[in-house]
Amino acid sequence: MAVAALVGPAAAQQTGPLVLAAASLQESMTAAADAWAAKGHARPKISFAGSSALARQIEAGAPADMFVSADEPWMDEVQSKGLLRPKTRVSFLTNSLVLVAPAGKPRRLKIAPGFPLAAALGSSRLAVADTNAVPAGVYAKQALIRLRVWPSVQGKLAPAENVRAALALVSRGAAPLGIVYATDARAERGVRVAGIFPANSHDPISYPVALLASSRHKEAEGFRRYLISAEGKAVFRRFGFGTR
């Protein structure tokens with residue numbers, strides 16, 4: 001029993017804080033966690049999914065220490081329920097939206113008002129994250145509406161549960177075109193950028209981070225501060241993110 005008592009707390013100290021992070025952060029957040037661990041800290045555990053799914057998990061009482069969303073509205077939703085630790089919310093990353101095609105069938109489309117996206121799709125479908133909930137899909141719908149092509153493509157969507165699932169549809173050749181973040185296209189060798197959406201065609205893409213009110217992990221605040229530090233932001237810039 002004495003041994004167990006000694007091992008238990010020691011093992012607990014080896015476990016880092018649990019971070020719920022947007023799917024588009026897979027490579028960058030993993031690298032940030034590795035860099036933090038290299039400084040002698042317990043490595044954070046990271047669960048990736050669509051920001052909408054993560055917010056709902058938090059609202060349902062899922063135990064976690066930190067939330068990193070791919071948009072402000074889902075962080076607003078969690079904050080409105082009193083589930084964030086006060087004064088820990090910071091918006092620290094930016095991104096851009098691109099149209100991608102399979103690497104084996106690259107193409108280029110000039111993205112502008114009324115551009116021929118429906119014609120380019122033909123009888124095929126456009127891979128996109130859920131346009132009603134997932135940030136990447138919401139941004140995509142905003143862009144297509146503002147560029148006046150939404151009516152011609154809304155019946156040709158291949159909706160996915162998150163942006164990485166949409167990316168996978170294109171990289172596997174299951175969809176000829178898809179809308180993802182620029183960082184996703186950079187991370188996947190199986191796709192090529194077919195066009196870049198103008199920044200003014202959708203709301204600014206902003207990633208906020210905050211601690212959850214229920215967090216009790218002693219290193220959660222330290223890791224949050226690391227993420228928003230100059231050193232932490234440099235990690236994300238390596239993967240193509242903009243920083244604030």
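The exercises below, each with a worked solution, concern a predicted model.

**Exercise 1. Work out which residues of helix α3 are buried, and where they lie around its axis.**

Begin with the helix itself: α3 spans residues 51–59, and within it S51, S52, L54, A55 and I58 are buried. Next consider their directions, which cover an arc of only 165° around the axis, so that these residues fall on the same side of α3. Then look for what lies over them: the covering elements include the strands β1 (18–22), β2 (45–49) and β3 (66–68), together with the helices α4 (72–80) and α6 (135–146). The placement of the helix can be added to this picture, since α3 lies across β1, β2 and β3 and runs at about 145° to β1. Finally, follow the chain just past the helix, where G61 takes a positive phi of about 95°.

**Exercise 2. Determine the strand order of the open six-stranded sheet, and identify which strands stand at its edges.**

The order is β2-β1-β3-β10-β4-β11, and the pairing is mixed. Reading the ends of this order, β2 and β11 (242–243) are the edge strands, and because each has a single partner strand, one side of each is left without a neighbour in the sheet. For a closer view of one pairing inside the sheet, take β4 (residues 90–94) and β10 (residues 206–211), which run antiparallel and are joined by four bridges. Within that pairing, L93 has Y207 of β10 as its bridge partner.

**Exercise 3. Decide how strand β8 is joined to β5 and to β6, parallel or antiparallel in each case.**

Start with β8 (residues 177–181), which is mostly covered, five of its five residues being buried. Its pairing with β5 (residues 97–102) is antiparallel and rests on four bridges, with L97 standing opposite Y181. The pairing of β8 with β6 (residues 126–129) is parallel and has two bridges, and here A127 stands opposite G178.

**Exercise 4. Classify the ring pair F92 and F236, and say which parts of the chain the pair ties together.**

The count of aromatic pairs in the model comes to nine. For F92 and F236, the ring centres are 5.6 Å apart and the planes stand at 85°; as planes over 60 degrees apart count as edge-to-face, that is the class of this pair. Since F92 lies in strand β4 and F236 in helix α11 (residues 230–238), the pair ties together parts that are 144 residues apart in sequence. Both rings belong to buried residues, with a relative accessibility of 0% for F92 and a relative accessible area of 0% for F236. A stacked pair can be set beside this one: F223 and Y226 are 6.5 Å centre to centre, with 20° between the planes. The two are three residues apart in helix α10 (residues 220–227), a separation of about one helical turn.

**Exercise 5. Establish whether Q142 and R186 are buried or exposed, and list what each touches beyond four places in sequence.**

Q142 is in helix α6 and has a relative accessible area of 18%; buried means under 20%, so Q142 is buried. Its contacts beyond four places in sequence are S201, H202 and D203, and its side chain reaches the backbone nitrogen of D203 at 2.9 Å. R186, in helix α9 (residues 182–187), has 56% relative accessibility and counts as exposed. Beyond four places in sequence, R186 touches R238, F239 and G240; R186 and F239 are 53 residues apart in sequence, while their C-alpha atoms are 7.7 Å apart in space.

Key
Residues are numbered from 1 along each chain as its sequence is written. This is a predicted model: local features need pLDDT of at least 70, side-chain atom pairs count only at pLDDT 80 or more; totals for chains, interfaces and linings use all residues. Side-chain values use heavy atoms; hydrogens and water are left out. Buried means under 20% relative accessible area, exposed over 50%, partly exposed in between (1.4 Å probe, protein chains only). The arc is that of the directions from the helix axis to the C-beta atoms. Contact means heavy atoms within 4.5 Å. A polar contact is a pair of N or O atoms within 3.5 Å; within protein, one must be able to donate a hydrogen and the other to accept it, and residues adjacent in sequence count only if both atoms are side-chain atoms. Two strands pair if DSSP finds at least two bridges between them. Axes are lines fitted to C-alpha atoms, for helices over the stretch in contact, and angles run from 0 to 180 degrees between N-to-C directions. Rings of Phe, Tyr and Trp (its six-membered ring) pair if their centres lie within 6.5 Å; planes under 30 degrees apart count as stacked, over 60 as edge-to-face and the rest as tilted.
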